Amino acid sequence: MIAELIEAVAKILFIFGVNMGFFAPILGWVERKQSAVMQDRVGANRADILGFTLIGLLHPLTDTIKILTKEDFIPAGANKLFHTLAPFISLTPALITFAVIPFGGQYEIFGHRINLVIADLDVGILFIFAFASLATYGTVLAGWSSNNNWSFLGGLRAAAQMLSYEVAMGLSIIGIIMVYGSLRLTEIGAMQENFLRWGIFLQPVGFILFLTCAIAENKRVPFDIPEAETEIVAGYFTEYSSMKFIMFWMAEFLEVVTISGIVTTLFLGAWHLPFVSSEKLLSLFGFAGPNLSIVLLMLTNIVTFFAKIIFMIWLQMTIRWTLPRFRYDQIMKLGWKILLPISLINIFITGLVVLLK
Amino acid sequence: MNYELNYTIGSIPLDKLKPKKVRKNIELTLWERLYIPEIIRGMYITTRHFTINMIGFVFPPKGKKRKIFTVYYPEEKLTIPIAYRGRPVLVQREDGKEKCVACGLCERICPALAISIVGGERHRGNDMERYPVAYTLDMSRCVYCGLCEEVCPHEAIVMSDEYIGLAEYDRKNMIYPKEKLLVPVARLKDRIEYVRKIYGKNNYQIPSTNNQIITKSQ
Amino acid sequence: MTDLAKNLHTEHMVINMGPSHPVTHGTVKFLVTLDGETIVDFYVEIGYLHRGFEKMCENSTWEQVFPYTDRLNYLSPIINNVGYALAVEKLIGIDTPERCKYIRVITSELSRMADHYTNIAASALELGALTAFLYFVEARELVWDLLESFCGARLTSNYIRIGGLKNDLPDGFKEDTKEVFKRCRELWVDVDKLLTKNRIFLDRMRDIGIMPPDEAIAWGFTGPCLRASGVPYDVRKAQPYLVYDKMNFEIPIGETGDNFDRYLVRMEELNQSMRIVEQALEELPSGPINVDIPEYRWQSKDDIYTKIESLIFHFKTVTGGIRVPPGEVYFPVEGANGELGFYLVSDGNGKPYKCRVRPPCFPLTAAMPRMVKGALIADIVPTFDMVHMIGGECDR
């Protein structure tokens with residue numbers, strides 16, 4: 001009992017630490033630095049401690065200090081309760097959804113069974129969608145409660161966009177659920193041990209659909225119309241400052257990580273290395289004894305999983321810095337008239353194949 | 001869009017103009033309609049830049065040619081051309097006095113009214129010479145146009161290559177007195193030479209030698 | 001459905017876009033009435049950058065106007081300088097040396113390139129594609145380096161003089177230009193690939209802000225926006241000034257007059273400008289760059305330093321200004337945005353009696369409501385970018 005408790009706390013601390021302590025601040029740096037390198041620039045490199053700039057890695061730290069010391073401003077006429085609540089509502093789902101994403105398989109070490117997922121729910125995907133759709137409220141409330149025309153327009157756009165893409169995103173996943181026959185993310189992950197059984201090969205259309213919809217859900221370029229700065233200033237968070245402002249950004253960055261996690265789990269073979277099965281790895285680590293070799297295997301899997309996540313983050317950042325943004329009606333058209341039918345056709349064809357096999 | 005042009009354009013008949021139509025195929029092919037190929041092509045370009053620059057960061061190429069365009073300003077400075085117009089300065093003679101004779105041409109031509117001169121006279125050996133008792137240059141007004149340098153008949157004011165440290169927190173500090181403007185002539189030799197060169201006689205064409213027409217219009 | 005529309009209480013939303021809004025670069029205010037996302041009513045309010053250029057000119061000598069003209073279209077200042085100088089020269093009736101004309105063409109075209117780079121880059125930026133923006137800004141930076149190498153400043157060039165130029169091109173300019181153009185062409189290809197066929201960009205630009213040719217002429221359009229509507233009007237071809245009649249270049253024209261055509265016309269004009277610069281550098285004759293007429297052009301320093309008559313005359317022309325014969329003149333040049341005209345009146349004194357500028361972007365900005373009414377709020381962005389209103393030029 002105590003061992004399980006320790007395990008659970010350790011896993012929560014690990015995921016929470018990785019997300020809040022590593023990804024959330026680092027992604028701000030990554031976004032600046034990667035865009036800079038893509039655009040023939042240098043990027044943030046000025047903050048230093050005793051002359052060491054550490055290629056700009058200190059900027060997240062200085063930014064945090066700066067943001068925390070800023071005035072927290074609530075505009076006159078704003079609904080104070082919802083104005084304060086909105087960033088929290090945005091941030092929480094981004095953090096919670098990671099609870100059901102497995103970052104490793106199941107291992108037996110020293111007679112104790114470790115399952116590397118915080119909550120191994122049998123409705124894992126549903127749980128993700130349920131909480132991801134809660135993030136809409138944060139955005140809409142932020143837009144409405146700010147008492148600002150730009151925020152209001154941003155909130156309206158966000159509501160329309162996020163609700164529309166929720167539908168297509170949900171349907172784009174059905175194919176992969178049909179193929180693997182499970183909603184439990186750990187099972188889906190475990191079934192992708194064979195390289196050729198990875199989701200991306202079984203459901204290439206589903207992969208593109210899901211990635212598109214997920215980026216749209218996350219409101220990043222090319223789908224950033226709720227915060228399109230040249231049109232509606234900063235959209236729903238025009239009136240936010242200080243830590244509340246940065247909470248929206250953290251939510252966005254954490255959602256990037258979450259999307260990467262889901263995509264990795266569903267389509268990119270979860271924690272498995274391509275072409276190398278767990279047995280092979282175990283025999284490779286055989287020199288370390290039965291228990292330690294499993295520990296090594298576990299570490300390899302975790303590293304593999306996070307490497308894949310980092311690749312997906314890189315991909316999303318590249319997309320974000322390459323493309324211009326859509327227009328409001330074009331996004332709606334894309335969501336309802338293109339992505340939705342394609343995902344329905346995808347489900348139909350997948351169903352036929354699954355049935356006939 | 002079929003629009004008949006019912007006017008002539010200048011002296012050239014329209015059929016000889018041969019304008020180039022830039023919009024060739026408006027209709028996208030199905031391949032281009034798919035979004036994905038073009039997105040991948042765009043990402044290929046950005047990734048190419050990314051990769052080249054990453055290699056450049058990890059193994060910095062020797063020499064000046066680098067793909068990253070940024071100049072690390074305080075550590076690195078641009079090599080500015082001789083034509084560059086920086087802070088206007090007064091030329092200081094070898095004996096420490098200013099070369100300016102307070103003729104007032106720069107004061108007159110300055111389009112921003114930044115210069116003000118108070119002239120006076122003093123002894124130089126047995127001769128008398130004019131000199132500026134006060135020469136004030138309001139750097140908050142100066143537009144760095146360089147007209148003062150061009151009209152100066154005595155090579156007394158030139159545009160230096162200084163562009164650092166001109167910003168101030170107080171406007172009062174931006175009014176430069178004579179002492180702050182003086183720069184020894186040795187440091188300004190290149191620029192004086194340059195001004196002499198651009199206003200050299202060989203840059204002027206005598207109209208009578210060429211078939212240049214001067215018509216007084218009245 | 002109609003019942004719902006009738007009973008549902010909705011009202012229009014009036015928002016002020018600007019004067020400090022990310023899209024209103026150049027400081028302009030739009031008063032937009034929105035029905036949801038659709039623009040019902042649209043007013044443009046200009047004048048936020050009014051410096052009184054025309055009035056200032058009346059109080060300064062003819063030579064002193066040059067630094068002021070730099071601040072008209074601050075993205076292509078040398079074209080303004082050239083336009084003003086040519087207008088004054090026409091009023092006086094002097095002809096500049098051949099080399100001067102060629103250099104004026106070269107510098108004008110380089111300025112035009114810088115302007116178009118900024119325009120396309122800024123449009124890409126405002127549609128969200130920051131990468132294309134920075135690629136073209138790099139190209140513009142290179143062009144500005146070229147400009148800096150001879151005129152001494154990047155933006156406030158103050159390079160052209162009445163009856164000549166401030167100074168000659170530096171040594172090795174031709175080689176530098178070749179190198180710069182090589183890199184510029186590389187970047188052009190990159191941006192072209194990033195934007196032109198990208199469907200997201202295309203959908204944002206295409207069929208937005210359509211201006212049919214007859215209406216474009218009626219509104220007083222000139223420059224790339226008029227050419228995008230399919231009217232091949234270009235001052236460089238219609239009334240060739242300087243040595244443009246000797247240059248071999250084409251006028252790019254569009255078909256529909258939408259934003260995408262304007263973008264394509266500008267992209268093509270970049271190539272044509274490079275062509276002109278290369279030709280002009282090839283044919284550049286050697287020789288003097290100024291006319292030796294002390295009444296109108298400040299004299300050589302050699303004369304001033306050695307001859308007392310020249311010195312006295314120099315004092316006279318600088319303090320009193322050059323005596324431009326009385327009369328009035330209008331001279332148009334092809335600015336980066338269209339026909340940039342200077343209308344000058346002289347009463348024979350040392351100062352312009354009147355200096356009126358025909359800003360190319362004023363009619364374009366005036367037509368903004370016509371182009372965006374009924375469109376979506378997001379369509380303001382590409383339309384205003386392609387109109388390319390420059391505050392300094394429009395408000396003067």
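**Exercise 1. Two residues with positive phi**

Locate Ser242(A) among the elements of chain A, and decide whether Ser242(A) is buried, partly exposed or exposed.

*Solution.* Begin with the element: Ser242(A) lies in helix H10 (residues 242-267) of chain A, where helices (H or I, at least four residues) and strands (E, at least two) are DSSP runs, numbered from the N terminus. The model is predicted, so that local features need pLDDT of at least 70 and side-chain atom pairs count only at pLDDT 80 or more, whereas totals for chains, interfaces and linings use all residues. Residues are numbered from 1 along each chain as its sequence is written, and chains are lettered from A and ligands numbered from 1 in the order in which they are written.

Next, consider the backbone: although Ser242(A) is not a glycine, its phi is positive, at about 55 degrees. Finally, count neighbours: a residue is buried if 20 or more other C-beta atoms, placed from the backbone, lie within 10 Å of its own, exposed if 12 or fewer, and partly exposed in between. Ser242(A) has 15 other C-beta atoms within 10 Å and is therefore partly exposed.

Apply the same steps to Glu155(B), which is not a glycine and has a positive phi of about 50 degrees. This residue lies in the loop between helix H5 (147-151) and strand E5 (157-159) of chain B. Because Glu155(B) has 19 C-beta neighbours inside 10 Å, it counts as partly exposed.

**Exercise 2. A helix pair between chains A and B**

Classify the packing of H12(A) and H3(B) as roughly parallel, roughly antiparallel, roughly perpendicular or oblique, and name the residues that meet.

*Solution.* The geometry comes first: helix H12 (residues 290-322) of chain A and helix H3 (residues 36-58) of chain B pack at about 105 degrees, with their axes 9 Å apart. Axes are lines fitted to C-alpha atoms, for helices over the stretch in contact, and angles run from 0 to 180 degrees between N-to-C directions. Angles under 35 degrees count as roughly parallel, over 145 as roughly antiparallel, 65 to 115 as roughly perpendicular and the rest as oblique. H12(A) and H3(B) are therefore roughly perpendicular to each other.

The contact itself brings Thr318(A), Ile319(A), Trp321(A) and Thr322(A) together with Gly42(B), Met43(B), Thr46(B) and Thr47(B), two residues being in contact if their C-beta atoms, placed from the backbone, lie within 7 Å. By class, the residues of this contact are three nonpolar, five polar and no charged; here Ala, Val, Leu, Ile, Met, Phe, Trp, Tyr, Cys and Pro count as nonpolar, Asp, Glu, Lys and Arg as charged, and the others, Gly among them, as polar.

**Exercise 3. The sides of chain C**

Describe the side of chain C that touches chain B and the side of chain C that touches chain A.

*Solution.* Towards chain B, 72 residues of chain C are in contact with 56 residues of chain B. Helix H6 (residues 130-151) of chain C supplies the largest share of this side, seven residues, and the side divides into 31 nonpolar, 20 polar and 21 charged residues.

Towards chain A, 23 residues of chain C are in contact with 23 residues of chain A, and this side of chain C has 15 nonpolar, three polar and five charged residues.

**Exercise 4. The sheet of chain C**

Establish the strand order of the open sheet of chain C, and find its edge strands.

*Solution.* Two strands pair if DSSP finds at least two bridges between them. Strand E8 (residues 327-334) and strand E9 (residues 339-346) of chain C pair in the antiparallel sense over eight bridges, with Tyr343(C) in E9(C) as the bridge partner of Tyr330(C). Four residues lie between the strands of this hairpin, in which Gly338(C) takes a positive phi near 150 degrees.

E9(C) also pairs with E10(C), in the antiparallel sense over six bridges, and Phe342(C) has Val357(C) in E10(C) as its bridge partner. The three strands thus form an open antiparallel sheet in the order E8-E9-E10. Its edge strands are E8 and strand E10 (352-358) of chain C, each pairing on one side only, and the twist averages 15 degrees from one strand to the next.
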